[in-house]
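This report walks through one protein chain, from its strands to a few single residues. Look at the sequence and the structure first, then read on.

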Amino acid sequence: MPKLVFEVISILFIHIYVVYASSQDAPKIQRFQFPEKLKVNEKAGATCMVRSGKPPYTFRWLKDNKELTSQDNVAIQTGESFSTLFIDPVTHTSAGNYTCLVKNSAAVDSYSSTLTVIGDANFFLRRDQSSLKNGTLLLSPISAEDDGEYTCTASNGLSEALEKTIVILVHGNFLYSK
């Protein structure tokens, strides 16, 4: 075989081997997901684990494409081939798209999962002398001064708030004992 052909074949083989070796060394993340429909004050976590690739690895977490670090209710623990994100407690602001990035000398891989938060409705009433207990309007004791409009606003922090206004008319004689 002529020397030039041998050198071209050798160069192609080395190039193919280097590309193959690099793809073997690139990190691959195992899929992860958050539990469905987390409630406010629950705990959540996700583990980003490398299923293949050549260490050492560098891990980063993003929330809605912004860098995420350990703070307040978020903790990140990283080992040699995994990184775990803990959220305790879950709040309405915890909802979002979480991405784990893992990098080594050969490449970068990423995987994303969405955390959805559902919440108990918060009720707000516009009238000073009344109160809500478990979403129930309580007027006690009732008097003629309780006549009027009452507006209840319910919000769970995920969608547009609902609002309802009612009119209360109080009739009758009132006896008070003090």
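## Strands and their pairing

Strand E1 (residues 28–30) and strand E3 (residues 44–52) run antiparallel and are joined by three bridges. The model is predicted: local features need pLDDT of at least 70, side-chain atom pairs count only at pLDDT 80 or more, and totals for chains, interfaces and linings use all residues. Residues are numbered from 1 along each chain as its sequence is written, and side-chain values use heavy atoms, with hydrogens and water left out.

Helices (H or I, at least four residues) and strands (E, at least two) are DSSP runs, numbered from the N terminus. Two strands pair if DSSP finds at least two bridges between them. In the pairing of E1 with E3, Lys28 stands opposite Ser52 in E3. E3 also pairs with strand E7 (residues 82–87), again in the antiparallel sense, over six bridges. There, Ala44 has Ile87 in E7 as its bridge partner.

The protein chain has one helix and 15 strands in total. Of its 178 residues, 26% count as buried; buried means under 20% relative accessible area, exposed over 50%, and partly exposed in between (1.4 Å probe, protein chains only). A contact means heavy atoms within 4.5 Å. Among contacts between residues at least 6 apart in sequence, 53% join residues at least 24 apart.

## The disulfide

A disulfide is a covalent bond between the sulfur atoms of two cysteines. Here, a disulfide is counted when a pair of cysteine sulfur atoms lies within 2.5 Å. The structure holds one. Cys48 and Cys100 form this disulfide, with their sulfur atoms 2.0 Å apart. The pair links distant parts of the chain, since Cys48 is in strand E3 and Cys100 in strand E8, 52 residues apart. The torsion about the S-S bond is about -80 degrees, so the disulfide is left-handed. Both Cys48 and Cys100 are buried.

## The core and the rings

A nonpolar core is a set of buried Ala, Val, Leu, Ile, Met, Phe, Trp, Tyr and Cys residues joined through side-chain atoms within 4.5 Å. The largest one has 21 residues, of which Trp61, Leu85, Ile87 and Leu115 touch the most other members. E3, strand E4 (58–63), E7 and E8 are the elements that give two or more residues to this core. E3 gives the most, with four residues. Not counting residues up to four places away in sequence, Leu115 touches several residues, including Phe34, Leu38, Ala44 and Ile87.

Rings of Phe, Tyr and Trp (its six-membered ring) pair if their centres lie within 6.5 Å; planes under 30 degrees apart count as stacked, over 60 as edge-to-face and the rest as tilted. There are four aromatic pairs in the structure. One of them joins Phe32 and Tyr111, which are edge-to-face at 5.1 Å centre to centre, with 70 degrees between the planes. Phe32 lies in the loop between E1 and strand E2 (38–39) and Tyr111 in strand E9 (residues 108–115), so the pair ties together parts that are 79 residues apart in sequence. Phe32 is buried at 7% relative accessible area, whereas Tyr111 is partly exposed at 24%. Ring pairs link Phe32, Trp61 and Tyr111 into a cluster.

## Lys103 and Asn104

Lys103 is in strand E8 (residues 96–103), and Asn104 is in the loop between E8 and E9. Lys103 is partly exposed, with a relative accessible area of 48%, but Asn104 counts as buried at 7%. Leaving aside neighbours within four places in sequence, the contacts of Asn104 include Asp25, Ala26, Pro56 and Tyr57. Lys103 also touches Pro56 and Tyr57, among others.

## Backbone exceptions

Most residues other than glycine have a negative phi, and most peptide bonds are trans. The table gives two residues with a positive phi that are not glycine.

| Residue | Phi | Place | Relative accessible area |
|---|---|---|---|
| Asn41 | about 80 degrees | loop between E2 and E3 | 58%, exposed |
| Asp72 | about 40 degrees | loop between strand E5 (66–68) and strand E6 (74–78) | 83%, exposed |

The peptide bond from Pro55 to Pro56 is cis, with omega near 5 degrees. A cis peptide bond also joins Asp88 and Pro89, where omega is about 0 degrees. Pro56 sits in the loop between E3 and E4, and Pro89 in the loop between E7 and E8.
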